[in-house]
Amino acid sequence: MQFKFNLVYLSLLTVLFSCENKKDKKTTEQKNRHVESVSLLKVKTFPANGAAMCRPAGFTRSDSILFMQGGGKEFKETIADKPVGEINEPKGMKYINGGEFSMGGVNSVGMDGGGHEGMNDARPVHRVHVDAFYMDATEVTNKEFAAFVKATGYVTVAEQKPSKEEFPDVAPENLVAGSLVFTPPEKSVPLDNYIQWWAYLKGADWKHPEGVKSNIIGKDNYPVVQVCWEDAAAYAKWAGKRLPAEAEWEFAARGGLSGNLYSWGNTLKPEGKWMANIFEGNFPNKNTAADGHAGIAPVKSFPANGYGLYDMAGNVWEWCNDWYRADFYETSSTGHQITKNPAGPSEGFDPDEPGIKKKVQRGGSFLCTEQYCTRYMVGTRGKGDYRSAANHTGFRCVKNVKSL
């Protein structure tokens, strides 16, 4: 049986706290929110490497220097299909003309702003063709998700109390509904222990993204967060849409450009202008909010890419439909042949955590930083247990052209 909560990421909350429900008075006063940390799992289940938790992986410099010297030769021109005819975009969506493109990413270690991750799961770069589709111009907002909940009575995974059957070794008083929240330490800390900035908070859910005393009042146009893959898929079905395939997501994020590091080009800050909501300052304790936002930003706060899509980098992670396999590109790419409409592997496998079912996440979040996690780079990949939720994870939907 799959745990109602993320067996992977709920595990990280375990060592943060004792097995007693306690208020962290100091943190509560500082953050102006209720903090009740609950221990559910044992340390031994901690993930060794997970992009969605914004922690580093091993790296090499092997192809970084090559790319800076023109090694982007792995990427070939994007070839757009002919338009399918008259385009009638559904409200809030953009038409993404299909085409052939080079999918994947480079090892950015050693580049200016490249960070410390080798991104090995994003190679080799390979040719892919996707058919035309429509994509939400923005991440699904609180207002849109609230309409879904009102119409259906849907209860998200984070709102459900875990059962004794799921966690037989946990004291009943610790089996409480809640989810993961980024909780920065007061001072600078070594970046080798990510549990210093993540907490499992009682009552954290999409209506209370940072715990029971937080809310989304006045934030209708902010991305909905604290939604797991199951929640996102349920919304998409209700809306007559679906979650994007990973290949569709990357094709759309590239905006018609080929081989660039970002969805807008090859420079993180063109002419000194911030193009995405990411973490600036000293991670994880001090976000200077140089881009104008210390946390999640309203949708459309930054320029759209070439396809008219907003926040394809930073702000919140976005769920894709594909199962995650670290070796999927390596095992599925076929030399110079073109893969058409890849749907991902039939099942997931993460060598860091065999047996945990993970889905692909894309785009990075407001917590990504060159100091620690640079997965706002367009070809990079994230991953997360499909029943996991956190306050930096959301989604957007797509729709088949032929279905209209």
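Student: What makes the contact between the side chains of Arg381 and Glu246 a salt bridge?

Tutor: The N to O distance is 2.7 Å. A salt bridge needs a side-chain nitrogen of Lys or Arg within 4 Å of a carboxyl oxygen of Asp or Glu, so this pair qualifies. This is a predicted model, where local features need pLDDT of at least 70, side-chain atom pairs need 80 or more, and totals for chains, interfaces and linings use all residues. Residues are numbered from 1 along each chain as its sequence is written, and side-chain values use heavy atoms, without hydrogens or water.

Student: How do you know that Arg381 and Glu246 link distant parts of the chain?

Tutor: They are 135 residues apart. Arg381 lies in the loop between β14 (358-362) and β15 (382-385), while Glu246 belongs to helix α6 (residues 246-254). Helices (DSSP H or I, at least four residues) and strands (E, at least two) are numbered from the N terminus.

Student: Why is Arg381 called buried?

Tutor: Its relative accessibility is 1%. Buried means under 20%, exposed over 50%, partly exposed in between (1.4 Å probe, protein chains only), so Arg381 is buried. Glu246, at 2%, is buried too.

Student: Which other residues are in the salt-bridge network with Glu246 and Arg381?

Tutor: Glu250, Arg254 and Arg362. In the whole model, the count comes to 16 salt bridges.

Student: Is Asp352 buried or partly exposed?

Tutor: Partly exposed, because its 32% falls between the two cut-offs. Its salt-bridge partner is Lys383, at 3.4 Å from N to O. Asp352 sits in the loop between β13 (339-340) and β14, and Lys383 in strand β15, 31 residues away. Lys383 is buried at 4%.

Student: What about Glu248 and Arg242?

Tutor: They form a salt bridge, with the closest N and O atoms 2.8 Å apart. Glu248 has 9% relative accessible area and is buried. Arg242 has 27% and counts as partly exposed.

Student: Why are α4 and α5 called roughly perpendicular?

Tutor: The axes of α4 (residues 142-152) and α5 (residues 229-238) cross at roughly 75 degrees and come within 11 Å. Angles of 65 to 115 degrees count as roughly perpendicular (under 35 roughly parallel, over 145 roughly antiparallel, the rest oblique), so the label fits. Contact residues (heavy atoms within 4.5 Å) include Phe145 and Phe148 of α4. From α5 they include Tyr235 and Trp238.

Student: How many helices and strands does the protein chain have?

Tutor: The chain has 7 helices and 17 strands. Of its 404 residues, 57% count as buried.

Key:
Axes fitted to C-alpha atoms, helices over the stretch in contact; angles between N-to-C directions.
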